[in-house]
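Here are my notes on this one, jotted down as I went through it. Have the structure open while you read.

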Amino acid sequence: MTKTSDFDDKVNYSGDFKGSYSDNNSGDYSATGYSRLAKSLIDIVKEQQSKLGYRKEIVRLYYPLSTLRHFFECAGADNKIAAGVISEQQMLEILDPNNLPKQLTDSIGEIKVTAKNERFCIEIPPEGSEYVHENTADNEFISELIALVGTHGCTMEQITELFYKYSDDIEKKEMQNGEFDCYIRFLNDSDDTYYYCFHDEGCHIIYHRFLPQDYADFGF
């Protein structure tokens, strides 16, 4: 029996999209919104598998429209769709199965997309979960971070030390928004541009990670 996993998180994105979102058959796939979406889906599934273990199952991931816009909107006056105005219906058309490039479906399979009130559900088939498990390298940092925050008595000092274990070039700042206590992020790392936001709940520390554009949108 196929099992289903629901996972809701923010995802990674860096850079500005330079091409047309509808260009599926020519050009550089890695520079398209579809490639960025695929990378973020894979990143979240990898994080989920680090937390919960691997199962060949359906995974449903949830994105606000604002996040998906960051993957597909272009910069410049000659865009087919002006920045900031992609509607829910337009995004559903962009993610219609007939518009998905072969590079995406060959890796994570035939995704299914639904939306309600600008909240999108992207369903990855079991073959996608299997692809991530068998064909992508483990994220050792995420695995260690998940293990650390799950340890009783974990401190922010230990978390900061973990970041320094992977890079000397990090940024840590206090946050005064009532939701998080601080963020830490790697600087000059194109593979990990997340803002890792932490909150000490007394008995344990929790974290959420946000792509830079979402972090800016929230106005923290």
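1. Start with β7 and strand β8 (residues 205-210), which pair in the antiparallel sense over six bridges. To find your place in that pairing, look at Tyr 196, whose bridge partner in β8 is Arg 209. The two strands make a hairpin with four residues between them, and Gly 202 in the turn has a positive phi of about 95°. Bear in mind throughout that this is a predicted model.

2. Now step across to the other partner of β7. Strand β7 covers residues 195-200 and is joined to β6 by three bridges, again running antiparallel. Here the pair to look for is Tyr 183 with Cys 197, the latter sitting in β7.

3. Keep going and you reach strand β5 (residues 170-174), which is joined to β6 by five bridges, and these two also run antiparallel. Glu 174 stands opposite Cys 182 in β6. As a general reminder for reading side chains here, they alternate between the two faces of the sheet in a regular strand.

4. Is β6 enclosed or open? Of the five residues in this strand (residues 182-186), four are buried, so β6 is largely enclosed by the rest of the structure.

5. Thr 160 deserves a close look. This residue is in helix α7 (residues 156-166) and counts as buried because its relative accessibility is 13%, with the cut-off for buried at under 20%. Setting aside neighbours within four places in sequence, Thr 160 is in contact with Ile 170, Lys 172 and Ile 184. Ile 170 and Lys 172 fall within the range of β5 (residues 170-174), while Ile 184 falls within that of β6 (residues 182-186).

6. What does the side chain of Thr 160 reach? One polar contact goes to the backbone oxygen of Met 156, at 2.8 Å. Another, of 3.0 Å, joins the side chains of Thr 160 and Lys 172. Those two residues are 12 apart in sequence, and their C-alpha atoms are 8.3 Å apart in space.

7. There's another threonine to check, Thr 105, which has its place in helix α4 (residues 102-108). Thr 105 also counts as buried, because its relative accessibility is 18% and the cut-off is under 20%. Not counting residues up to four places away in sequence, Thr 105 touches Leu 100 and Glu 110.

8. On to the pockets. The largest pocket has a volume of about 320 Å³. Its lining comes to 15 residues, and those nearest the centre are Asn 139, Phe 141, Asp 189, Asp 191 and Asp 192. By class, the lining has eight charged, five nonpolar and two polar residues.

9. Which helix gives the most to the lining of that pocket? α1 does, with four residues. Both α1 (33-52) and α6 (140-149) supply at least two lining residues each.

10. Last, the cavity. A search of the whole structure turns up one cavity of 30 Å³ or more, and the largest cavity has a volume of about 30 Å³. Its lining is made of Val 45, Gln 48, Gln 49, Gly 53, Arg 55, Glu 57, Val 59 and Ser 129. By class that gives four polar, two nonpolar and two charged residues. Here too α1 gives the most to the lining, this time with three residues.

Technical notes: Residues are numbered from 1 along each chain as its sequence is written. This is a predicted model: local features need pLDDT of at least 70, side-chain atom pairs count only at pLDDT 80 or more; totals for chains, interfaces and linings use all residues. Side-chain values use heavy atoms; hydrogens and water are left out. On a 1 Å grid over the protein atoms alone, a cavity is a set of points where a 1.4 Å probe fits but cannot get out, and a pocket is an open set with protein on both sides within 12 Å along at least five of seven lines; lining residues have an atom within 4 Å of a point. Grid points are joined across faces, edges and corners, and a volume is the space filled by probe spheres set on the points. Ala, Val, Leu, Ile, Met, Phe, Trp, Tyr, Cys and Pro count as nonpolar, Asp, Glu, Lys and Arg as charged, and the others, Gly among them, as polar. Buried means under 20% relative accessible area, exposed over 50%, partly exposed in between (1.4 Å probe, protein chains only). Two strands pair if DSSP finds at least two bridges between them. Contact means heavy atoms within 4.5 Å. A polar contact is a pair of N or O atoms within 3.5 Å; within protein, one must be able to donate a hydrogen and the other to accept it, and residues adjacent in sequence count only if both atoms are side-chain atoms.
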